[in-house]
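Could you walk me through this structure in plain language? I would like to know how the protein is put together and how it meets its DNA.

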Amino acid sequence: MASGQVCVSNIVTGTYDEIYAVVCQIPEGRVATYGQIARLINRPRGARQVGYALAALSDDKQVPWHRVVNAQGGVSRRAKGGYEEYQQILLESEGVTFDESGRIDLSRYLWRSSDCT
DNA sequence: CTTGTGACTGTAC
DNA sequence: AGTACAGCCACAA
């Protein structure tokens, strides 16, 4: 599938920007956990920062933040409610199926950064 | 520089 | 399986 990766152009090597870059690299139909992303940017204990970075994310950036879920494979609550449902809809639109409890099968949809080359 | 907070994670009960 | 506590990093005031 022709995935559209068009956000890396605005990325700057800083702190949050690295997180955005990783999120942008997540292909469609795949999801990544905060801890996974945190490790990718060399911040194995910065899982919190990843979520905080997405919280501070602005609409100007085309970052698929909806592909980022917690370690339980579920959508975390945001500071401004209303978007948790929006995220699930976007993921379902990409082919991701949710569990009865509203959770994703990470063993099946978890994105692998170190695979296929 | 110190304090507070947050879209998290892992362990323990 | 769900709830509770502590740890961690980065940014704003």
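At 74% relative accessibility, R45 counts as exposed, because the label is given over 50% relative accessible area, while buried means under 20% and partly exposed lies in between, using a 1.4 Å probe and protein chains only. R45 sits in the loop between helix 2 and helix 3. Its C-alpha atom is 7.5 Å from that of G35, and the two residues are 10 apart in sequence. N42 is found in the loop between helix 2 and helix 3 too, and N42 counts as exposed at 62% relative accessibility. The backbone of N42 has a phi angle near 70 degrees, a positive value in a residue other than glycine.

Before going on, a word about what you are looking at. This is a predicted model, in which local features need pLDDT of at least 70 and side-chain atom pairs count only at pLDDT 80 or more, whereas totals for chains, interfaces and linings use all residues; side-chain values use heavy atoms, with hydrogens and water left out. Residues are numbered from 1 along each chain as its sequence is written, and chains are lettered from A and ligands numbered from 1 in the order in which they are written.

Now for the fold. Chain A has five helices and two strands; these are DSSP runs numbered from the N terminus, with helices being H or I runs of at least four residues and strands being E runs of at least two. Follow the sequence and you meet them in the pattern α-β-α-α-β-α-α. Of the 117 residues of chain A, 32% count as buried.

V69 shows the buried side of the picture. This residue is found in strand 2, residues 68–69, and V69 is buried, with a relative accessible area of 0%. Along the chain V69 is 18 residues from G51, and their C-alpha atoms are separated by 9.2 Å.

What forms the largest nonpolar core, and which of its 18 residues touch the most other members? A nonpolar core is a set of buried Ala, Val, Leu, Ile, Met, Phe, Trp, Tyr and Cys residues joined through side-chain atoms within 4.5 Å. The residues that touch the most other members are I19, V23, I37, L54 and V68. Helix 1 (16–24), helix 2 and helix 3 each give two or more residues to this core, and the largest share, five residues, comes from helix 1.

Let us turn to DNA strand B. It has 15 residues around it, and R48, Q49, L54, A55 and R77 come nearest, where near means that a heavy atom of the residue lies within 4 Å of the strand. Sugar and phosphate account for 49% of the atoms of DNA strand B that come within 4 Å of the protein. Helix 3 provides the largest share of the surface near this strand, six residues. By class, that surface has seven nonpolar, five polar and three charged residues; Ala, Val, Leu, Ile, Met, Phe, Trp, Tyr, Cys and Pro count as nonpolar, Asp, Glu, Lys and Arg as charged, and the others, Gly among them, as polar.

Some polar contacts, meaning pairs of N or O atoms within 3.5 Å, can be picked out here. A backbone N or O atom of A55 lies 2.6 Å from a base nitrogen of DNA strand B. Phosphate oxygens of DNA strand B lie 2.9 Å from a polar backbone atom of A71 and 3.1 Å from a polar side-chain atom of S76.

DNA strand C is surrounded by T15, Y16, R43, R45, R48, Q49, Y52 and R103, so here you meet R45 again. Of the strand C atoms within 4 Å of the protein, 53% belong to sugar or phosphate and the rest to bases. Helix 3 (residues 47–55) gives the most to the surface near this strand, with three residues. That surface has two nonpolar, two polar and four charged residues. In the side chain of R48, an N or O atom is 2.8 Å from a base oxygen of DNA strand C. The arginines R43 and R103 have side-chain contacts to phosphate oxygens of DNA strand C, at 3.1 Å for R43 and 3.2 Å for R103.

Conventions:
Polar contact = N/O pair within 3.5 Å; in protein donor to acceptor, adjacent residues only side chain to side chain.
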